[in-house]
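Subject: The structure I promised you

Hello,

Here is the structure we talked about, with the sequence alongside. Have a look at it first, and then read on for what turned up.

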Amino acid sequence: MSEPVKGSVRGSEPAGGSVRDLDQSASSAAYRPLPAAEEDDGGHRRFWSRRRIPAALLALVVTAGAGLLLFDVVSVRAERPGMRWRRSLADELASRPVDDTWVLAGAGAAVVVGAWLVALAVTPGLRNLLPMRRRAGEGDVRAGLDRDAAELVLRDRAMEVSGVQSVRVRVRRSRVGVRAVSHFRELDEVRSDLDTVLGDGIRELGLVRRPALSVQVRRPAKKG
């Protein structure tokens with residue numbers, strides 16, 4: 001684990017300099033990602049979502065549109081007049097210029113929907129599920145840890161540190177953000193303890209990609 005960057009401490013004396021007396025109200029530092037474990041082969045990727053709802057909606061729209069067109073074609077082949085909405089739409093498309101507001105709006109909506117569908121097709125999804133390490137001999141079994149569960153575990157570990165009054169933990173794929181409030185002890189000491197405890201906690205989560213750790217400690221807000 002990289003050495004935390006020490007903040008200013010009341011009464012600290014830099015090498016070869018004068019003593020600075022600072023009233024510290026906050027202490028924060030960012031840390032590099034923790035080194036990967038030796039048994040981690042690094043080849044486990046994120047879980048892919050099945051996208052059931054978008055796929056069902058797209059299939060429903062395509063099926064409905066194809067059914068209407070097929071019914072209209074059959075009606076025309078049977079020497080019946082085509083549907084009024086199709087004739088009206090064809091007339092509108094033939095008469096309206098390309099720079100018409102409604103034409104541009106429809107084209108923009110089609111582009112947005114298409115880009116959304118492409119994004120769903122090429123991205124894994126399931127951002128709340130963090131892949132866990134798979135050791136040798138475990139076969140094809142894969143495990144994942146929910147972000148809320150990881151946040152709860154790390155929060156409980158942080159609350160065990162002496163001096164911590166409250167703490168908020170946010171777990172992301174690449175970073176764990178911790179904001180703590182300490183009502184006694186030096187803030188740098190509390191932050192150093194949080195660095196150690198949460199570093200061990202992140203390691204014990206067994207994630208494939210160990211996130212970096214960012215810790216901020218401050219005093220409680222003054223009332224009144």
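Let me begin with a term: two strands are said to pair if DSSP finds at least two bridges between them. With that in mind, V176 stands opposite L213 in strand 6. Please remember throughout that this is a predicted model.

**The chain as a whole**

The chain has five helices and six strands. Going along the sequence, they come in the order β-α-α-α-β-β-α-β-β-α-β. There are 224 residues, and 28% of them count as buried. The accessible surface of the chain is about 15,400 Å², with 57% of that belonging to carbon and sulfur atoms. Among the contacts with a separation of 6 or more, 64% are between residues 24 or more positions apart.

**Strands 4, 5 and 6**

Strand 5 is a good place to start looking, as it pairs with strand 4 and with strand 6. Strand 4 (residues 164-171) and strand 5 (residues 175-182) run antiparallel and are joined by seven bridges. The two form a hairpin, with three residues between them. Two of the bridge partners can be picked out by name: V164 is matched with S182 in strand 5, and R170 has G177 as its partner in that strand.

Strand 5 and strand 6 run parallel, and seven bridges join them. Besides the pair V176 and L213, you can find R179, whose bridge partner in strand 6 is Q216.

How much of strand 5 is buried? Six of its eight residues are, so strand 5 is largely enclosed by the rest of the structure. Strand 6 (residues 212-218) is also largely enclosed, because five of its seven residues are buried.

**Helix 5 and the crossover**

Between these two parallel strands comes helix 5: strand 5, helix 5 and strand 6 make a right-handed β-α-β unit. Helix 5 covers residues 187-205, which is 19 residues, and reaches 26 Å from its first C-alpha to its last. That is close to the 27 Å expected at 1.5 Å a residue.

The buried residues of helix 5 are L187, D188, V190, R191, L194, D195, L198, G199, G201, I202 and L205. Seen down the helix axis, these buried residues fall within an arc of 165 degrees, so they line one face of helix 5. The general background is that an α-helix has 3.6 residues a turn, so residues three or four places apart point the same way.

L187, in helix 5, deserves a look of its own. L187 counts as buried because its relative accessibility is 0%, and the cut-off for buried is under 20%. L187 and R219 are 32 residues apart along the chain, yet their C-alpha atoms are separated by 8.1 Å. After helix 5 comes G206, with a positive phi near 70 degrees.

**Positive phi outside glycine**

Most residues other than glycine have a negative phi. Which loop holds R185? R185 lies in the loop between strand 5 and helix 5. Phi of R185 is positive, near 75 degrees, and R185 is not a glycine. With a relative accessibility of 25%, R185 counts as partly exposed.

E79 is another residue to check, with a positive phi of about 60 degrees although it is not a glycine. You will find E79 in the loop between helix 1 and helix 2 (84-95). At 77% relative accessibility, E79 counts as exposed, the cut-off for exposed being over 50%.

**Helices 1 and 3**

Helix 1 (residues 52-77), which E79 follows, has 26 residues. At 1.5 Å a residue helix 1 should span 38 Å, and its end C-alpha atoms are 37 Å apart, which agrees.

In helix 3 (residues 101-122), take a look at V122. Is V122 buried or exposed? V122 counts as exposed, because its relative accessibility is 57%. V122 and W48 are 74 residues apart in sequence, while their C-alpha atoms are 9.8 Å apart in space.

If you have time for one part, I would suggest following the chain through the right-handed unit of strand 5, helix 5 and strand 6.

Happy looking, and best wishes

Terms used: Residues are numbered from 1 along each chain as its sequence is written. This is a predicted model: local features need pLDDT of at least 70, side-chain atom pairs count only at pLDDT 80 or more; totals for chains, interfaces and linings use all residues. Side-chain values use heavy atoms; hydrogens and water are left out. Helices (H or I, at least four residues) and strands (E, at least two) are DSSP runs, numbered from the N terminus. The expected span of a helix is 1.5 Å times one less than its number of residues. Buried means under 20% relative accessible area, exposed over 50%, partly exposed in between (1.4 Å probe, protein chains only). The arc is that of the directions from the helix axis to the C-beta atoms. Contact means heavy atoms within 4.5 Å. Accessible areas come from the Shrake-Rupley method with a 1.4 Å probe; for residues, only the protein chains shown count as cover. A crossover is right-handed if, with the strands pointing away from the viewer, the path from the first strand over the helix to the second runs clockwise.
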